[in-house]
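Colleague: I'd like to learn how to read this kind of model feature by feature. Shall we open it up and go through it together?

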2 protein chains.
Amino acid sequence: MSQKKIRNMEEFAAVSGISRPTLSKYFNDPDSVRKSTRQRVEDALLHYDYRPNFYAMNQNRRTTRNIGIVVPYLADPFFTEIGRAVEVKCIEAGYSPILLSSHGNPDQENDNLEALRALKPAGVLLAPLGRASDKGAITKFSTEVPLVLFDANIEDTGEAFVGTDNFQSVDLMVEYLCRSGQPPCFFEMKSPSNPNANKRRQAYFESMARQGHEAHVFQAEGEGWDFEEIGSAEGGQLLIDNAFPTNTVLCSNHRLAIGMLETAYKKDIKVGLEPDASMRIAGHDDHPFSKFTCPPLTTISQDYAAIADRAVSTLFGIIESDSKPATRKESLFDGKLVMRDSA
Amino acid sequence: MSQKKIRNMEEFAAVSGISRPTLSKYFNDPDSVRKSTRQRVEDALLHYDYRPNFYAMNQNRRTTRNIGIVVPYLADPFFTEIGRAVEVKCIEAGYSPILLSSHGNPDQENDNLEALRALKPAGVLLAPLGRASDKGAITKFSTEVPLVLFDANIEDTGEAFVGTDNFQSVDLMVEYLCRSGQPPCFFEMKSPSNPNANKRRQAYFESMARQGHEAHVFQAEGEGWDFEEIGSAEGGQLLIDNAFPTNTVLCSNHRLAIGMLETAYKKDIKVGLEPDASMRIAGHDDHPFSKFTCPPLTTISQDYAAIADRAVSTLFGIIESDSKPATRKESLFDGKLVMRDSA
DNA sequence: CAAATAAGTTTACGCGCGTAAATTTTTATT
DNA sequence: AATAAAAATTTACGCGCGTAAACTTATTTG
């Protein structure tokens, strides 16, 4: 590596003996120049410390190679995982992902989109907050930037949606729970911000009807994203009060289940499959910590890899064809039953 | 909001009746223009949809108002929390944070720094991987960009370090454990990548000597960032084998403790303070899920807010004075004992 | 081997903004 | 009201790169 500092593409052209327009082509797409030329550029890059000015590169572009990724809540390991999966896919495809969290706050979600707009991204992958999202703002954003939603759907918004088929996954769980013991009650938030929650309740009703059982839904009053707290306090109280008509509870998401398990443990309510257990508790979504609850949580795992892959490839399809699809496509993947010890 | 699209600052100057250089000043620092002028600009902004071109703005700047934040592992809620705290502080100070995760990989850490270099950030806050970090690369980076390390220290690298005083926090925990029962054994990774681990071991030795007890250190062979797995497998085996000479174990970090608790639960080894419990297990660091283990984990909580605040204000001090401090400053904050039920 | 095509070079311009210098207008001070 | 100081305006240039047009050189094809 030469000590000489290269200040711009002009200078790099001089020392490398390759014309500036050709270098420009190379940096925008190495495959757009002849193989021998590519090799000469790459040899020169080994000898001289030069990188194109990121800002100058992008200022005259209508769009860049940046991809925005917005998740509702990065402190939730579920979104960290799926965010990371998407991030990796973008890098593999030669794009630069920018991961942003809305911190559970619709204003922050709008701020994130606004910040991304200034970056002229090639496209954006958005896992919206849901009910709390500013649908108008997202729709407007979608007219300017190719937008694919994932995890949580908002009707008619964005070019496509990729997520899990809650009807399949909940049915799978209900079917398993009914087959292996008493039919489940359903525990959820009263005003769920995430639209998946509504689908899951609906799926629970349908599935219970299909199995010929009566449905029992219990709703927690709490608001916000502190699901473990809510599960622990309100779900726990229901356990203590013996309010559930069966010994089995299906929680609308993993975090409610984790909170509920905590209270069960504290109050010596034995949960699990063993003969001396008095309750079974199941969750939905899986989660890196689900296997470390006591007992380990039986739950549904979403197919992160498939969702990430489809979301990204759908977005790249739109970007590369430079045309929005005629119809908005929804891709739903099956969840898998993860049988642990809690149900 | 007028329908007219404003394409650049020139046009916005025309419609708002404010000269372009003044607008430029305003966008770089609203306080640098007279109050009445500021008001006029802001009124105009309500009527016209204009934002300066982010790329054109930054291309001629030596540095931007971007702050890079690099954490070793975003899937660990500890780093998500501290990363977020730092992020918020940056926003409050009018900077744009860019949060990147190294995914436990030194190459990714270097890639992150390299990517940040291209963004000409005003400064970078780095929580390094530790032992695995490429010290040379980080030191070199530090000559180009103001760099403050947090969480994990690397000697003589960066302008400052902000973290927790492991000697204080471990002493606090050891003192508590000795006072309330049998003196603790220490459980850690054999080759910890995080330098805090070494400090904690040292602190454990010193603290035990001070209390007049013999030290007992147990090390897990596992590598990588899958601490829960390692704690569960290797720590769990030690529990099963009854290998600990006392009934109390202090784990070098929360995640090892979580894994260990999992195995204890599975093997019906009762952990906690109650008379029928056979072991006490404590952790270090706290963690959003520490309170949901069974039993809830007694641990040390780091002062996120103070660490974030100091790290950010130190960096901004360097940025705004435009001069590196003569001596590298290390700020250590006290940990707090969080007494739950596991020890 | 000549013709056709692909790839690279030379030249030139413009993007949107930062910023400096000279000048004019506004505000503060006495 | 006169003067000084502060702020805004006018004018002008340059940053680093994208990119178009005209031209030259290298490679492929029949």
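Colleague: Let me start with one residue: does B:D151 count as buried or exposed?

Modeller: Keep in mind that this is a predicted model. The general idea is to count C-beta atoms around the residue, with 20 or more within 10 Å meaning buried. B:D151 has 26 C-beta neighbours inside 10 Å, so it counts as buried. It sits in the loop between β4 (147-150) and β5 (160-164) of chain B.

Colleague: And what is its phi?

Modeller: Here's the background: most residues other than glycine have a negative phi, and most peptide bonds are trans. B:D151 goes the other way, with a positive phi of about 65° although it is not a glycine. B:K120 also has a positive phi, near 45°. That residue is in the loop between α6 (106-118) and β3 (123-126) of chain B. B:K120 counts as partly exposed, because it has 18 C-beta neighbours inside 10 Å.

Colleague: Which peptide bond is cis in chain A?

Modeller: Look at the one from A:C294 to A:P295, where omega is near -10°. A:P295 lies in the loop between β9 (280-282) and β10 (299-301) of chain A. Chain B has a cis bond joining B:C294 and B:P295, with omega about -10°.

Colleague: Now the overall build. How many helices and strands does chain A have?

Modeller: Chain A has 12 helices and 12 strands. Its C-alpha atoms fill a box of roughly 80 × 40 × 30 Å along the principal axes. Of its 343 residues, 45% are buried. To see how the chain folds back on itself, check how far apart in sequence the contacting residues are. Among contacts in chain A between residues at least 6 apart, 72% join residues at least 24 apart.

Colleague: Where would I see such a long-range link on a single residue?

Modeller: Try B:V86, which is in helix α5 (residues 77-92) of chain B. Its C-alpha atom is 8.3 Å from that of B:A305, and the two are 219 residues apart along the chain. B:V86 counts as buried because it has 27 C-beta neighbours inside 10 Å. Setting aside neighbours within four places in sequence, B:V86 is in contact with B:I69, B:L125, B:A308, B:A311 and B:V312.

Colleague: Which residues have the most contacts inside the largest nonpolar core?

Modeller: Those are A:L125, A:A311, B:L125 and B:A311, in a core of 75 residues. A second, separate core has 74 residues, including A:V271 and B:M173.

Colleague: How do I check a helix, say α3 of chain B?

Modeller: Compare its expected span with the distance between its ends. The 13 residues of α3 (residues 35-47) of chain B should span 18 Å at 1.5 Å a residue, and the end C-alpha atoms are 19 Å apart, which agrees. How many of those residues are buried? The count is 0, so to speak a helix that is hardly covered.

Colleague: How are the two chains related?

Modeller: In general, two copies of a chain are related by a rotation about an axis and a shift along it. Here a rotation of 180° with 0.1 Å of shift superposes chain A on chain B, with an RMSD of 0.2 Å. The two copies are thus related as by a two-fold rotation axis. In chain A, the C-alpha nearest the axis belongs to A:Y55, 2.3 Å from it.

Colleague: And what does the contact between them look like?

Modeller: In all, 25 residues of chain A are in contact with 25 residues of chain B. On the chain A side, α4(A) gives the largest share, 5 residues. By class, that side has 15 nonpolar, 5 polar and 5 charged residues.

Colleague: Last one: which residues come nearest to DNA strand C?

Modeller: Of the 26 residues around DNA strand C, the nearest are A:S19, A:T37, B:N8, B:M9 and B:S24. The largest share of that surface, 5 residues, comes from α2(B). By class, the surface has 9 nonpolar, 12 polar and 5 charged residues. For DNA strand D, α2(A) gives the most, with 5 residues.

How values were computed:
Residues are numbered from 1 along each chain as its sequence is written. Chains are lettered from A and ligands numbered from 1 in the order in which they are written. This is a predicted model: local features need pLDDT of at least 70, side-chain atom pairs count only at pLDDT 80 or more; totals for chains, interfaces and linings use all residues. Helices (H or I, at least four residues) and strands (E, at least two) are DSSP runs, numbered from the N terminus. The expected span of a helix is 1.5 Å times one less than its number of residues. A residue is buried if 20 or more other C-beta atoms lie within 10 Å of its own, exposed if 12 or fewer, and partly exposed in between; C-beta atoms are placed from the backbone. A residue is near a molecule or strand if its C-beta atom, placed from the backbone, lies within 6 Å of it. Ala, Val, Leu, Ile, Met, Phe, Trp, Tyr, Cys and Pro count as nonpolar, Asp, Glu, Lys and Arg as charged, and the others, Gly among them, as polar. A nonpolar core is a set of buried Ala, Val, Leu, Ile, Met, Phe, Trp, Tyr and Cys residues joined through C-beta atoms within 7 Å. Two residues are in contact if their C-beta atoms, placed from the backbone, lie within 7 Å. Copies are superposed by least squares on the C-alpha atoms of residues with pLDDT of at least 70 in both.
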